[in-house]
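Here are some notes for a colleague who is opening this entry without prior acquaintance. Please keep the sequence and the model at hand while reading the numbered points.

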Amino acid sequence: MDKAVAASPVANNYLQRSRLRPPADEAARRADIEAALKLEPDSAWGLRLLVSADLQAKQWDAVIQDASRAMAQPSMKDRRQFLTMSRGIGYAKRAEMKKAAADFTSARLAAKTYQDLNELCCAMAVHDVALPTALAICNASLEQDPTAWHTLDSKAFTLMRMKRYREALATYDAAVGDGRANAVPLYGRGVVKHRLGDEIGAQRDMKAALAIRPDTDVHFAHMGVVP
């Protein structure tokens, strides 16, 4: 993408290059996003990537500022759930719980599908905020599709955050299913088994997850979860 940007330094090329950069290259990824937004300040893709970068970097003040800025852009009208969800996470991390609750309520009202509800539940669990609310949102998603493994995974992770390990294990069992080869719920179940004292089962699940996706442990560590 370096050649593409050099040949045609347009916003979309900068944004595409930002997506291809490794997660550790945060400064260069942000520089690409900001370069794109200088060219197209109302780029919906660019504004979403900027807020996502803020979340990944755990820059809560920037999350609030950039999400609020994006909400003012007409191009972001259809992305209000993501923006209010993100800003709510920022407020929660700053212990501004009334503002966080208002944004989470707005995000839930904007959710139209079980996938939308799962996105909200998952993000709240990943960032470890408002977990009882996240659990309720997961359950609302599962009312629409009780077998959706992504949502079962999000619910199990939420329960693990809440230290409700027996419930988390049962939900991870449902997410993993009969031989389903999904690394994230497998590894999550391994972590829960470890915390319940089942070391043999924990190692079996975590090794199976790493065989499917070798960076699964890094993915969990980034969320602050280690066995």
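Which residues does R189 touch, not counting residues up to four places away in sequence?

1. The model is a predicted one, and the points below should be read with that in mind. As for the opening question, R189 touches L169, Y172, D173, V176 and D205, with residues up to four places away in sequence left out of the list. R189 is found in helix α12, and it is buried, with a relative accessible area of 13%.

2. On the overall architecture, the protein has 14 helices and 0 strands, so that its elements, read from the N terminus on, run α-α-α-α-α-α-α-α-α-α-α-α-α-α. Along the principal axes, the C-alpha trace spans about 55 × 40 × 30 Å. For 227 residues, a compact globule would be expected to have a radius of gyration near 17 Å, and the value of 19 Å for the protein agrees with this.

3. On burial and contacts, 48% of the 227 residues in the protein are buried. The exposed area of the protein comes to about 11,300 Å², of which carbon and sulfur atoms supply 53%. Among the contacts with a separation of 6 or more, residues 24 or more positions apart account for 51%.

4. The aromatic side chains deserve a separate look, since a search of the whole structure finds 2 aromatic pairs. F157 and F220 form an edge-to-face pair, with 6.1 Å from centre to centre and 65° between the planes. Because F157 lies in helix α10 (residues 149-161) and F220 in helix α14 (residues 216-222), this pair ties together parts that are 63 residues apart in sequence. Both F157 and F220 are buried.

5. F220 also pairs with Y187: the ring centres of Y187 and F220 are 4.9 Å apart and their planes stand at 40°, so this pair is tilted. Here too distant parts of the chain are linked, with Y187 in helix α12 (residues 183-195) and F220 in helix α14, 33 residues apart. Both Y187 and F220 are buried, and F157, Y187 and F220 form one aromatic cluster. A reader who has already located R189 can note that helix α12 holds R189 and also Y187.

6. Another ring is involved in a contact of a separate kind, in which the charged end of R48 sits over the ring of F82, 4.0 Å from its centre.

7. How many disulfides does a search of the whole structure find? The search finds 1 disulfide, which is formed by C121 and C138, with their sulfur atoms 1.8 Å apart. The torsion about the S-S bond of C121 and C138 is about -65°, and the disulfide is therefore left-handed. Since C121 lies in helix α8 (residues 114-126) and C138 in helix α9 (residues 131-144), the pair ties together parts that are 17 residues apart in sequence. C121 is buried, with a relative accessible area of 0%, and C138 is likewise buried, its relative accessible area being 0%.

8. The neighbouring cysteine should not be confused with the bonded pair: C122 is in no disulfide, and the nearest cysteine sulfur, which belongs to C121, is 6.8 Å away. C122 counts as partly exposed, at 31% relative accessibility, whereas C121 is buried.

9. The loop between α8 and α9 merits a check of its backbone angles, and a general remark helps to explain why: most residues other than glycine have a negative phi. D128, which is found in the loop between α8 and α9, has a phi near 60°, a positive value in a residue other than glycine. At 39% relative accessibility, D128 counts as partly exposed.

10. A130 lies in the loop between α8 and α9 as well, and it has a positive phi of about 45° although it is not a glycine. At 24% relative accessibility, A130 counts as partly exposed. The two helices that flank this loop are the ones that hold the disulfide partners, with C121 in helix α8 and C138 in helix α9, so a reader can usefully inspect the loop and the disulfide together.

Key. Residues are numbered from 1 along each chain as its sequence is written. This is a predicted model: local features need pLDDT of at least 70, side-chain atom pairs count only at pLDDT 80 or more; totals for chains, interfaces and linings use all residues. Side-chain values use heavy atoms; hydrogens and water are left out. Rings of Phe, Tyr and Trp (its six-membered ring) pair if their centres lie within 6.5 Å; planes under 30 degrees apart count as stacked, over 60 as edge-to-face and the rest as tilted. Helices (H or I, at least four residues) and strands (E, at least two) are DSSP runs, numbered from the N terminus. Buried means under 20% relative accessible area, exposed over 50%, partly exposed in between (1.4 Å probe, protein chains only). A charge sits over a ring if NZ of Lys or CZ of Arg is within 6 Å of the ring centre and within 35 degrees of the ring normal. The radius of gyration is taken over C-alpha atoms; the globule rule is 2.2 Å times the number of residues to the power 0.38. Contact means heavy atoms within 4.5 Å. Accessible areas come from the Shrake-Rupley method with a 1.4 Å probe; for residues, only the protein chains shown count as cover. A disulfide is a pair of cysteine sulfur atoms within 2.5 Å.
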